[in-house]
Amino acid sequence: MYDDRKSWNVKDAEIMRELRGILNLTAEECALLKGLQPAAKEAAPQLVAEFYERLLAYEPTREFIDDKERLANTLANWFTELFCGNYDDTYALKRLSIGNVHVRIGLPIRYPLAMMDVIANHGERIASATGEAAVKAFRKVLALDVATFNQAYENNQLHHLAELTGSERLARRLLSGG
């Protein structure tokens, strides 16, 4: 039943191509977001302040913050890149890399997912200045990033389980409860 799942063969940068197709991210939407990148860059410091105020107020998330300044720059760049207008394979691999860093440091996925509301609020505020089409485009790109980010966690689970079982297909079946 599970042996012929085409989705299981989608890997790395192909994931972004698949997601772009599912989300129907258009060239017009990409252009809208690219036009908002200067506003995103200007808004990034406020987003970073709110983001870290929340993280630092909660002890379990504080333990993952070792170099706040470096992490703040990374977050500001990531947020600004949401508005880059070019969501190609390089973008996908960079997003997977960010997810892999979170996996490597042992950050539970619930923390970054819980913080997406900060990103969504700031991004939607920026996009709303241009209209509903830009808000819709931003939501698609954020969904693209969240899905790609989650993929890093799934890849890690799959990798470890495949090592234990000796088979990626068996690992996938086990992860899917099948």
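The exercises below, each with a worked solution, concern a predicted model.

**Exercise 1. Determine which residues of helix H1 (residues 13-23) are buried, and where they sit around the axis.**

Step 1. In H1, the buried residues are Ala13, Ile15, Met16 and Leu19. These four lie on the same side of H1, because they cover an arc of only 145° around the axis.

Step 2. The general geometry is worth recalling here: an α-helix has 3.6 residues a turn, so residues three or four places apart point the same way.

Step 3. Turning to the other side of H1, one finds Gly21 and Ile22, which are exposed.

Step 4. The cover over the buried residues of H1 includes helix H6 (89-104) and helix H9 (132-165). Beyond the end of H1 comes Asn24, whose phi is positive, near 55°.

**Exercise 2. Establish how many disulfides the whole structure holds, and examine Cys30 and Cys84.**

Step 1. The search of the whole structure returns 0 disulfides. A disulfide is a covalent bond between the sulfur atoms of two cysteines, and the cut-off applied to a pair of cysteine sulfur atoms is 2.5 Å.

Step 2. For Cys30, the closest cysteine sulfur belongs to Cys84 and lies 8.1 Å away, which is too far for a bond. Starting from Cys84 leads back to Cys30, again at 8.1 Å and too far for a bond.

Step 3. As for burial, where the cut-off is under 20% relative accessible area, Cys30 counts as buried at 13%, and Cys84 is buried as well, at 16%.

**Exercise 3. Describe the largest pocket and the second largest pocket by volume, lining and residue class.**

Step 1. The largest pocket has a volume of about 730 Å³, and 28 residues line it, with Tyr52, Leu71, Ile98, His102 and Leu107 lying nearest its centre.

Step 2. At least two residues of this lining come from each of helix H3 (37-56), helix H5 (68-81), H6, helix H7 (110-114), helix H8 (116-128) and H9; H6 gives the most, with 6 residues. By class, the lining of the largest pocket divides into 18 nonpolar, 4 polar and 6 charged residues.

Step 3. For the second largest pocket the volume is about 280 Å³, and of the 15 residues that line it, Val10, Gln151, Asn155, Leu158 and Arg172 lie nearest its centre. The elements giving two or more residues to this lining are H1, H9 and helix H10 (168-175).

Step 4. In the second largest pocket H9 gives the most to the lining, with 6 residues, and the classes there are 5 nonpolar, 4 polar and 6 charged.

Conventions
Residues numbered from 1 in each chain as written. Predicted model: local features only at pLDDT ≥ 70, side-chain atom pairs only at ≥ 80, totals over all residues. Heavy atoms only, no water. Buried < 20%, exposed > 50% of the residue type's maximum accessible area, 1.4 Å probe, protein only. Arc of directions from axis to C-beta. Contact = heavy atoms within 4.5 Å. 1 Å grid on protein atoms, 1.4 Å probe; cavity = no way out; pocket = protein on both sides within 12 Å on 5 of 7 lines; lining within 4 Å. Points joined across faces, edges and corners; volume = space filled by probe spheres on them. Nonpolar A, V, L, I, M, F, W, Y, C, P; charged D, E, K, R; others polar.
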